[in-house]
Structures are given as C-alpha cells and as structure tokens.
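Trainee: I should like to learn how to read a structural model. May we go through one together?

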Amino acid sequence: MSLNPGAGSLRERLDIDFALTSAGLGVWELDPISMQILWDDRCRELFGLAKDNYLPYEKAIAFIHPDDVAQVDEAVHWAFQQESGGLYDITFRTLGADDGKLRWVRFMGKSYFNEIGKVQRFGGVAHDVTRDMESLQRQQAAQKQILDSFEVSPVGIALIDRHELTFQQVNTFYGELVGRTPDQIVGKPLSKALPEIIGQGFDLLLQQVLDTGIPFIAKEVAVRLLRKGVLETIYVDLTYQPQYQLGTQNITGVLVIATDVTEQVLSRKKIEAREAQLRDIIATAPAAMGLFVGRDLIIEMPNQAFIDIVGKGPDIVGKPLREVMPELENQPFLQILDNVYTSKVMFQSDASQVNIVQHGVMTNNFYNITYTPLLNEKGDVYAILDIAIDVSETIRSQQRLKEAQYKLAEAVELAELATWDIDFTTRQLQYSERLRQWSGFEPDEELTIDQGYWVIDKADHQAIRIAMDKARDPAGDGLFDSEYTLFSKKTGQRRVIHAQGKIKRDENGNAVSISGTAQDITLHRETQMALELLVQKRTEELEATNEELTSSYENLAQTNEHLIRSNESLEQFAYIASHDLQEPLRKVQQFSNLIDRRFRPVLGDDARLIDRIQESAQRMSALITDLLAFSKISNGKVSPQEVNLSGVLEQAIDNLSVAIEETKAVIEVAELTRVQGDARQLEQLFQNLLSNSIKFSSKDQNGAVTTPHIRVGYELMQASELSWISGWTPTHACYHRITIQDNGIGFEEKYADRIFGVFQRLHGKNEFSGTGVGLAICQKVALNHGGFIRALGELGKGATFYVYLPAYQ
C-alpha cells in the first residue's frame, strides 16, 4: 500500500474535526508496506523536527530515547498482529531532533486488517504528555521520600511487589498492626507472611489494583489477624496505591497505607448499638413517634405507630409533612409546629381532634400530642420530635358513658325509678327529681342524711340503719336493700318504697359513699295486703262456720256450700291476681334487660344495681309462677285413673336431668306400685321432692358441697299403723307409703309442719334459691288424692319425706 506524501492528502483523509487541533492532538499514519510515516505539523513538533512531515520509520526511531526504543518497536509489531485487535497505545520519550528538547509523548492508534488478515492501514493521533509524566515523576519522588521516612510514621505502611505480592518494605507500625516484626514480613509473599489474611479478599483487591491501576480506598475495613497467638478482628482505614516504573505506565507494585481505627470503630459500634436499641424502643413504642426536620418538616425516623396514624403507607420518609398530609392545611397543627420552631418552646395538648385521611378514608380521632424542639450545638432548632398517643377509644368511651348515663336516666325515668346518693364524709344526700317529689323537698334544697330520715316512718328507722351498717361492713358484699314507708312533708301522702344501693369504697376499703335506686311498690304491697286480708276474712268465716257445725246439720251443709264458694272465689282471685301481677313485672324485666344489654360495659360497679333489679324480678316471677301452680293444683280435680308410679317417678327424674348431672346426684329407686290418681299432679309431687333433696345438699368440713344421695323406697301399710300421725286421720284401710330420704342439710324437727305452708322458708334467699311454694304443692297433691305427707329431719344429717296414698281395692 502506498501513501500520497502531501500534507493536504493526509488532511483529506484524517481531518475529522477542528477539535483535534484545539485539543492539541496530532494525526499520524504509518504505511505497513513501505514503513513510511506521514504526520502533521503537530506530530512533527513532538519529535522536535523543524520540517520533514514524511520520513521512514527507521529514521523516526532514531529520535526516540534509547531506553524506550525497544518497547515502541515491540508495540508497533504487536499492533500488526491480528490477535492484538490492532490496538496501539504507547507512551515514550523523544530527544528533539532539531531543538534537543526531551519530551514525553503518547501515540495512540489502530491497525485495520484486510480479509486475509494483513494490515492495510495503521494510523492514529498523538499528543504531548510531558507535563503529566513530570507530575507523575514528582509524585513518585514524593512517594520515595515517604518510603524513606515511613519508619517513624504512626501509620502502617508497606510496599508490596507485583511478583507474588511480596513485601518489599514495611515500617515498624505496620508490623505492630499485623502482629509481626518487619523482618518476619519483608521478602515474603503475602500468603506466607500473613497466611490468615488469605480468603478475606485482600489478595484479590491487590491484584485488581495491579491490573487496573485504579487505587482502592476504604474506611473501617475489618481484618482478622493472628496477633500474639490470638485471632482477633481489627479495623483499619485502608489505601492501595499503584506504583509505576519510573518514566513508564508499567505498574510494579502497590503502596499499602493502613491506619488503625479499631478503638474508634468499637466505640462507635457501642454507640450505634445503643442508638439501635433506642430505635428499637421507638419503633416498638405504642406511642407514635417521628421527627420533623427543618422548616419544611421533612419526616424522618417514623415508627410503625406513626406510619399507621398517618395512614399513607411506609413511603413517607424524606417527604414534607404538608405533602404527606395535605388535610392538615385547614387545621392548626402546621402553624403550631412553625411556632415551636420559632419559639423553641415545647407544645403539649391532650385529646386534640385530628382529621386524617387514612388509606383514603377521612378519620376523626383524638390524640395526646407533644411537639418537642430539638436543638443543635448552636442552640438552633433543627427538628421537632412528634409524640402522639391515640386516645380516641378513651374519649369515645367517655362520650358513650355520657350517652349511656343520659339513656340510663331516660330508662330510669321510663321505669318510674328514683335515684339517690349519700356522701358519708359530708353526710350530704342527693335525691333525683322524682324522689324529691315523693318526699316533698324543693328541687334546689340541700339535703343531709338527717333530713332524709324526717320523711321516713319512725318505725322503719332502725331497720334502715341496720341494713346500711350491713352494707358498709368491709366483710360484706356492699349491697343495701330495704323497704320502708315514705311520706311527703307537703301533702302527707304515704308510699311504700323499696330502696337498693351499692357501697363505694376508697383504696383502704373504707365506705365513702353509696348510690342506688328507689321504687314505689305501694300498689304491690296494697295488693298483697288485700289478698292477705281476704284470706284472713275467709279464714274467719271458716272458723265461724266450724262453730256453727255443732248446732245443726243443715247449717253445716249450708256452711260447707258457702265455704266451697268462698274457697273457689279465693282461688280464682289468687289466679287472676297472679296473672295481673305478671304484666308490670314483665315490664320491669324488659326494661332491666334493655338497660343491661346497652349499658353494662360502661356502668362498672354500678351494674350490680341492674343485677339486683333482675334478681328481684326473677324472684317475684318465680313467686307468681309457683302461686299459679299452687292455684292450679288447688283448683285441679282428680279424675282417678290407674297410674304407674314407677313411670311417673322416671319422668320426674328425667325432668331434673340437668340438675342431677351438674351435682352428680345418685338416686336409688325401689320398685313402686300402681295407684288411682292424676299422673301429672303425682309427677309434680315427685319432681318437687327430688328437687328439694338435690338443692339442699350438705357441705363437708372444708365447705365443699357433698354429692346428693337419694333413696326412694316403698311399702304397703295398714291404716292402724298410721293413727299416731298428728294433723291427719286415715280414712282408708291401707296406704301406699313412698319414702324419699336424702343426705342433705336436714332441718330441726320443730319446723316439720311449717315447711308445708305456702311461702314458708327455713333459709335465706341468698343461701338457697326457691319461693317456699314447692312443698305446699306436694302436700296439696297428696290431699287431692286422699293422702298426706309428713317430714322428719335432723339438722346436718338429712331429711326423710313420707308420702301416703290410699290403696284402693
């Protein structure tokens, strides 16, 4: 391939842009066949030639420094080899052919090959790098000076040769750093001088610096070293600086500079550990916490509770508060935060309503808020710590409590109840409007306990004081329950009042006050009294009739007829009265259940008052129900039919299966007979007797309830064997005797007849449930069948009931 020797033809081929000249780049080309060099004026100047832009390669070689000729020639021949890719890049010195000036120059270019792999063109650019090389030489000189003086340096310094990463020099401090003396290191490869360091990646980093010429700089690098026979971890600031052959770009080694920062790192890690612990505390704190940094209130370090309150997801860090929560613009909090920034004064607020769009939904919650300014070393605010505690549930509970109190007051009003409170410390008495009307007190009149007694019948004072003392007793349940007569001091109208209350105590258990309700039960008591008077009247009439029996048989028949009508009227009255009493009772139960469902969670201890109302209503319902049952038994006519007592008893036991299972009661039953009678009434008789035996279970020495054990026996008896029973005269020749014996609490023998009376109880209603009608029903059933029941008992040793039924032939 031949070249046109003219400069103009060269520019026609290589004049890419005026920028080449502006950048100080010269253009050259070497003919691979003729080995003639063609270059522009800039390249010629690099060789110090006044002329000759076109000269042979051999002549150009003569203007290169003798020490660099071999590498230049080698680089040219290598660029002519196809495996080189044609790349050519060499830095060398020229001698200055005409001006005698030494220059450092860098020639770069590329060979282009034809289809058979022969070079058909070779050219490129060149520029003066004298200043760069002189700078490099100065740097190397400075490094040499460092190497010469690094023995006294407090920094670990070592020079590692390219060949097998061999230590050429180390200073004393480097030896101390790695736990060796310099003579144990110098002249040895890294793998032998510091074998424990292999595998930690430092040999690879050194090789990377040697290959790329790019320094490696890292802070606080962890290194595991064997020092004084112990493998320990130290931390160093590490620099790997490539070292060049003087006057060339050839890297010969690496200068290692290591500064021991172990103490600083460990100290910082301790601080970081404490900070991490603090961050963990903040992150897991139930209170929402976060920083608002700068006047723009940039959100930093929000914990999860804070993120949840903001309700915009986790990507809020680094964003301004106004951007994250634009809904705050029309609320006072942004202005308050700005004031805190300006004034440096902490802001606190309890139960502040904050309107926040959480996950796209506007919420109106309440928070206890604290904005604390954080000051830098100059005393200026750089951030505000926001602590927010969600008290929405508490505030809403208070609101619900107020609403519940309002509704409770409505319910109390609807149920026609009155309320009262007594402060034992001040002896002040608070009456509701209804109770003031009943008592005749003015609406704004201040009342004391003594004034409360003025309008109560003196006959009831002692009973009220006893009930109040019992409620105030620390060993008691704190419940007050009393009935008394109240009169109005204005009108004199008298009412029968049923009052209930609950004691409130201080932290020492002392009674400080009592609150309760009062109910006007005048109508109920009047009805009860009317019923009792009617019973008394009918009884007196019966007694008068019995006296007249001795005078004449006709009067006896007439009296008997009158007595039957009277008893029927009495039973009918009891039946109707019991039905009529159910209606107001159901209303009390309905309203108390309504109050209980709606307000129990917010009433606290006062919920016990509802329990008392419900318990009283349930007892009244049970009384009325049992009264109705007794009335039905009294009115019931027995149509004699053959009844299998064993089947009747089995059905009664089945009816009590739940109670039997709960108490694990054991019932032993003998084979019973057949009788003439009413199966339903006899079933009720057995059920009531068995229920009594299960209910009145005894207790052991530890107060634990013992398992009920009941025996049911049978025998046929002659009337002559029964003549000694008081209060009953047998009228048949033979009787079936069914015995029901238990191991319960028993009773004193003197109460054997009393227990069969209506509403007769030997125990308090809080000790054992019941109305006192059950045994009266049993006796009535036995009488309906021409029989009788008697009871024997011994306190603490159980009871035995004997049922006598006629044995018809």
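The dialogue below moves from the whole chain to a sheet, a helix pair, the cysteines and one arginine.

Mentor: Please keep in mind from the outset that this is a predicted model.

Trainee: How many helices and strands are there in the chain?

Mentor: An overview begins with such counts. The chain has 24 helices and 29 strands. Of its 809 residues, 43% count as buried. The accessible surface amounts to about 44,700 Å², and carbon and sulfur atoms contribute 52% of that area.

Trainee: What share of the contacts with a separation of 6 or more joins residues 24 or more positions apart?

Mentor: That share is 53% in this chain.

Trainee: Let us turn to a sheet. In what order do the strands of the open sheet of 6 strands lie?

Mentor: The order across a sheet need not be the order along the chain, and it should be read from one edge to the other. Here the order is β19-β18-β17-β22-β21-β20, with antiparallel pairing. The edge strands are β19 (447-448) and β20 (479-487), each of which pairs on one side only.

Trainee: How many bridges join the strands, and which residues are partners?

Mentor: One takes each pair of neighbours in turn. Strand β20 pairs with β21 (residues 494-505) in the antiparallel sense over 9 bridges, and Phe480 has Gly501 of β21 as its bridge partner. Strands β21 and β22 are likewise antiparallel, with 9 bridges. Between β17 and β22, also antiparallel, there are 7 bridges.

Trainee: Which residue of β22 is the bridge partner of Ile422, and which is that of Ile503?

Mentor: Ile514 of β22 is the partner of Ile422. Ile514 is also the bridge partner of Ile503.

Trainee: What connects β21 to β22?

Mentor: These two strands form a hairpin with 5 residues between them, and Gly509 in the turn has a positive phi of about 85 degrees.

Trainee: Why is β22 described as largely enclosed?

Mentor: One counts buried residues along the strand. In β22, 7 of the 10 residues are buried, so the strand is largely enclosed by the rest of the structure. As to side chains, the general idea is that in a regular strand they alternate between the two faces of the sheet.

Trainee: Which helix lies across β17, β20, β21 and β22?

Mentor: Helix α17 (residues 461-472) lies across these strands, running at about 160 degrees to β20.

Trainee: How should one read the pair formed by α23 and α24?

Mentor: Consider distance, angle and handedness. The axes of α23 (residues 679-695) and α24 (residues 774-784) come within 9 Å and cross at roughly 145 degrees. The crossing is left-handed. Among the residues making the contact are Leu682, Leu685 and Leu689 of α23, together with Leu775, Ile777 and Val781 of α24.

Trainee: How many disulfides does a search of the whole structure find, and are Cys43 and Cys734 buried or exposed?

Mentor: The search finds 0 disulfides. Cys43 is buried, at a relative accessible area of 0%. Cys734 has 11% relative accessibility and therefore counts as buried, the limit being under 20%.

Trainee: Finally, where is Arg505 found, and which residues does Arg505 touch?

Mentor: Arg505 is found in strand β21 and is partly exposed, with a relative accessible area of 31%. Leaving aside residues up to four places away in sequence, Arg505 touches several others, including Arg472, Asp473, Gly478 and Asn510. Gly478 is 27 residues from Arg505 along the chain, and their C-alpha atoms are separated by 9.0 Å.

Note on methods:
Residues numbered from 1 in each chain as written. Predicted model: local features only at pLDDT ≥ 70, side-chain atom pairs only at ≥ 80, totals over all residues. Heavy atoms only, no water. Pairing = 2+ DSSP bridges. Helix = DSSP H or I, 4+ residues; strand = E, 2+ residues; numbered from the N terminus. Contact = heavy atoms within 4.5 Å. Axes fitted to C-alpha atoms, helices over the stretch in contact; angles between N-to-C directions. Buried < 20%, exposed > 50% of the residue type's maximum accessible area, 1.4 Å probe, protein only. Areas by Shrake-Rupley, 256 points an atom, 1.4 Å probe, with all protein chains shown as cover. Disulfide = S-S within 2.5 Å. Left-handed = near helix turned anticlockwise from the far one by under 90°.
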